Amino acid sequence: EAQKETRGFQTEVKQLLHLMIHSMYSNKEIFLRELISNASDASDKLRFEAIAKPELLEDAPNLRIRISGDEQNRTLTIEDNGIGMSREEVIENLGTIAKSGTAAFMQQLTGDQKKDSQLIGQFGVGFYSAFIVADKVEVYTRRAGLPATEGVHWESTGEGEFNIATVEQPERGTRIVLHLKAAEAEFADGWRLRNIIKKYSDHISLPIELPKQHFGEEQDKPAETEWESVNRASALWTRPRTEVKDEEYQEFYKHVAHDYENPLSWSHNKVEGKLEYTSLLYVPGRAPFDLYQREAPRGLKLYVQRVFIMDDAEQFLPLYLRFIKGVVDSNDLSLNVSREILQKDPAIDSMKSALTKRVLDMLEKLAKNQPEQYATFWKQFGSVMKEGPAEDFANREKIAGLLRFASTSNSDDSENVSLDAYLERMVEGQDKIYYLTGERWSQVRNSPHLEIFRKKNIEVLLLTDRIDEWLMSHLSEYKDKQFVDIARGDLDLGTLEDEDKQAQEEVAKAKEDLLKRIKEVLGADVDQVKVSHRLTDSPAVLVINEDGMGVQMRKILEATGQ
Ligand code: ADP
Ligand code: MG
């Protein structure tokens with residue numbers, strides 16, 4: 001062993017390890033799924049690099065994953081002949097967490113195990129999950145293309161540090177050896193392993209092999225281990241929809257999304273014609289911690305004729321659908337397609353609009369058929385969907401139909417009123433959609449602006465999300481009904497107005513002197529003082545000019561110093 005050294009884990013890794021070991025005990029076996037998922041990714045990456053450099057395959061072009069337990073020594077070994085890692089890559093990948101925003105995220109940890117284990121889900125468990133069942137983990141790896149002398153040995157007990165050394169490593173790829181905790185010896189058992197693989201990893205598109213089981217006698221054990229594949233080993237999205245079980249779709253999601261919980265919904269489609277491609281799109285069950293990080297990776301996994309090309313291909317969906325996970329497999333793109341080429345290719349634009357529509361349709365279906373699941377979706381991703389009308393003008397009516405609002409029809413601040421539900425509840429003579437924006441629900445709910453609406457039993461949407469004014473500035477109508485901000489200008493209730501116009505004008509005339517005096521006192525603080533008919537209890541209300549800037553927008557601009 002050469003260049004042996006001991007290094008400390010990055011603080012965030014230590015926190016993640018601690019959290020994982022103490023919160024995942026009810027779901028231990030997922031570690032195997034994570035390690036198989038990584039081995040599969042590593043094989044995908046090698047296949048991709050080998051398109052340009054076939055010599056990387058050396059004399060082992062058949063990619064596979066091998067898993068074997070040793071009950072005597074209580075070890076479990078997972079081996080792939082994929083891309084492998086260089087020494088720098090090992091230090092980077094198995095010593096730090098490179099995702100931006102991680103440190104800030106970890107600061108939210110409370111020490112309350114239940115709450116914190118929820119957080120871990122937003123993060124993904126990954127390689128470090130090996131320490132759920134192992135008290136020591138060893139990694140032997142060599143990157144494809146590097147000489148055998150540049151193999152790397154990494155080992156750690158998952159406490160605060162790891163050892164790393166340069167070793168001779170004739171085989172390309174990565175071998176991970178778990179030294180199982182005494183209580184986890186079951187994970188060295190061949191039948192147990194076979195069952196877990198069947199359950200979690202059947203969708204993995206390369207063979208997962210276990211040593212062939214020999215029944216009974218030990219005597220004629222072959223000198224060399226015989227391996228047999230235990231999974232189906234075909235790309236899941238290439239199979240007909242009717243032949244894929246829900247559980248298989250769910251497990252595949254966990255692999256592509258690096259999530260460990262089930263998705264809310266999915267949509268699997270094969271498109272034939274001018275452009276030929278297959279897409280499998282998923283709506284996750286919860287937002288990742290970096291949903292609002294500008295640099296956070298997003299997009300689909302791109303395959304060309306079943307060959308993996310890249311992760312995070314963001315050209316296939318608009319920004320407001322950045323939470324969607326899945327794969328797109330094209331028959332038309334070239335194997336050496338790059339991000340730059342994707343950006344310029346007009347075929348990608350038409351795929352993007354088709355995939356966008358698929359997602360919106362899938363969400364519509366979810367809202368219609370599984371309203372509870374949709375409520376979860378809205379909680380997690382509603383604010384991102386509100387970016388939609390501004391970004392995607394062509395689909396803004398469709399997106400508007402997916403929005404959910406708080407409203408005076410609710411007794412609390414739940415955002416669960418759709419515009420369609422609002423339209424259904426409109427009173428006779430009403431032809432507008434009324435809304436009020438503000439900072440907090442408790443404040444808008446008591447606003448004097450609502451008095452006249454309460455009196456007339458007209459529903460008003462209550463918008464208190466920071467992005468709501470921005471959203472409303474891009475939505476002027478829904479199904480031919482105009483949106484009206486009730487805090488703005490002269491409120492024209494049209495045919496809903498029941499008071500006698502003439503009587504109102506007489507009142508206004510009679511009060512002219514009073515208005516003048518009030519205007520003199522308030523001076524430049526207000527633009528005009530008028531008699532209002534919209535109040536039933538309050539004596540006065542502040543109103544924004546028709547063309548004035550909204551209160552929230554004003555605050556945002558003030559906060560940014562404008
Ligand atoms: P993720 O898979 O979400 O990136 P993981 O914690 O599972 O996170 O893995 C961290 C990184 O370690 C991977 O992104 C990859 O670069 C590297 N890695 C893990 N396992 C392997 C492997 N078997 N072969 C090559 N690289 C690996
Ligand atoms: Mg992983």
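How are α1 and α5 placed relative to each other? They turn out to be roughly perpendicular, and the first close-up below shows the pair. Everything here comes from a predicted model, in which local features need pLDDT of at least 70, side-chain atom pairs count only at pLDDT 80 or more, and totals for chains, interfaces and linings use all residues. Residues are numbered from 1 along each chain as its sequence is written, while chains are lettered from A and ligands numbered from 1 in the order in which they are written.

**Overview. The whole protein, before zooming in.**
The protein has 19 helices and 19 strands; these are DSSP runs numbered from the N terminus, with helices being H or I of at least four residues and strands E of at least two. Its C-alpha trace spans about 110 × 55 × 45 Å along the principal axes. Of the 562 residues, 34% count as buried. Here a residue is buried if 20 or more other C-beta atoms lie within 10 Å of its own, exposed if 12 or fewer, and partly exposed in between, with C-beta atoms placed from the backbone. Take the contacts between residues at least 6 apart in sequence: 72% of them join residues at least 24 apart. A contact means that the C-beta atoms of two residues, placed from the backbone, lie within 7 Å.

**View 1. Helices α1 and α5 where they pack.**
Two packed helices are described by the angle between their axes and the distance between the axes. For α1 (residues 11-23) and α5 (residues 113-123), the angle is about 115° and the axes are 10 Å apart. The axes are lines fitted to C-alpha atoms, for helices over the stretch in contact, and angles run from 0 to 180 degrees between N-to-C directions. That makes the two helices roughly perpendicular, a label for angles of 65 to 115 degrees (under 35 is roughly parallel, over 145 roughly antiparallel, the rest oblique). Their crossing is left-handed, meaning that the near helix is turned anticlockwise from the far one by less than a right angle; clockwise would be right-handed. On the α1 side, look for L19, M20, H22 and S23; on the α5 side, Q113, D116, S117 and I120. By class, this contact has 3 nonpolar, 4 polar and 1 charged residues. (Nonpolar covers Ala, Val, Leu, Ile, Met, Phe, Trp, Tyr, Cys and Pro; charged covers Asp, Glu, Lys and Arg; the others, Gly among them, are polar.)

**View 2. Helices α2 and α6 where they pack.**
This pair meets at an angle of about 65°, with axes 10 Å apart. So α2 is roughly perpendicular to α6. The crossing of α2 and α6 is right-handed. L32, R33 and I36 of α2 touch I196, Y200 and S201 of α6. The contact of α2 with α6 divides into 4 nonpolar, 1 polar and 1 charged residues.

**View 3. Helix α7 and what covers it.**
The 12 residues of α7 (residues 246-257) should span 16 Å at 1.5 Å a residue, and the end C-alpha atoms are indeed 16 Å apart. The expected span is 1.5 Å times one less than the number of residues. Buried in α7 are Y249, E251, F252, Y253, K254, H255, V256 and A257. Their cover includes α2 (30-52), α6 (190-201) and β10 (265-271). Just after α7 comes H258, with a positive phi near 55°.

**View 4. Helix α9 and its buried residues.**
With 24 residues, α9 (residues 346-369) should span 34 Å, and its end C-alpha atoms are 35 Å apart, which agrees. I348, M351, L355, T356, V359, L363 and L366 are the buried residues of α9. Among the elements covering them are β10, β11, α8 (339-344), α10 (371-385) and α12 (396-402).

**View 5. Helix α18 and the loop that holds N545.**
α18 is hardly covered: the count of buried residues among its 11 residues is 0. G523 follows α18 and has a positive phi near 55°. N545 sits in the loop between α18 (512-522) and α19 (551-559). N545 counts as exposed because it has 10 Å neighbours numbering 11 by C-beta. Beyond its neighbours within four places in sequence, N545 is in contact with G489 and D527.

**View 6. Q3, a residue with positive phi.**
Q3 is not a glycine, yet its phi is positive, about 45°. Q3 lies in strand β1 (residues 2-8).
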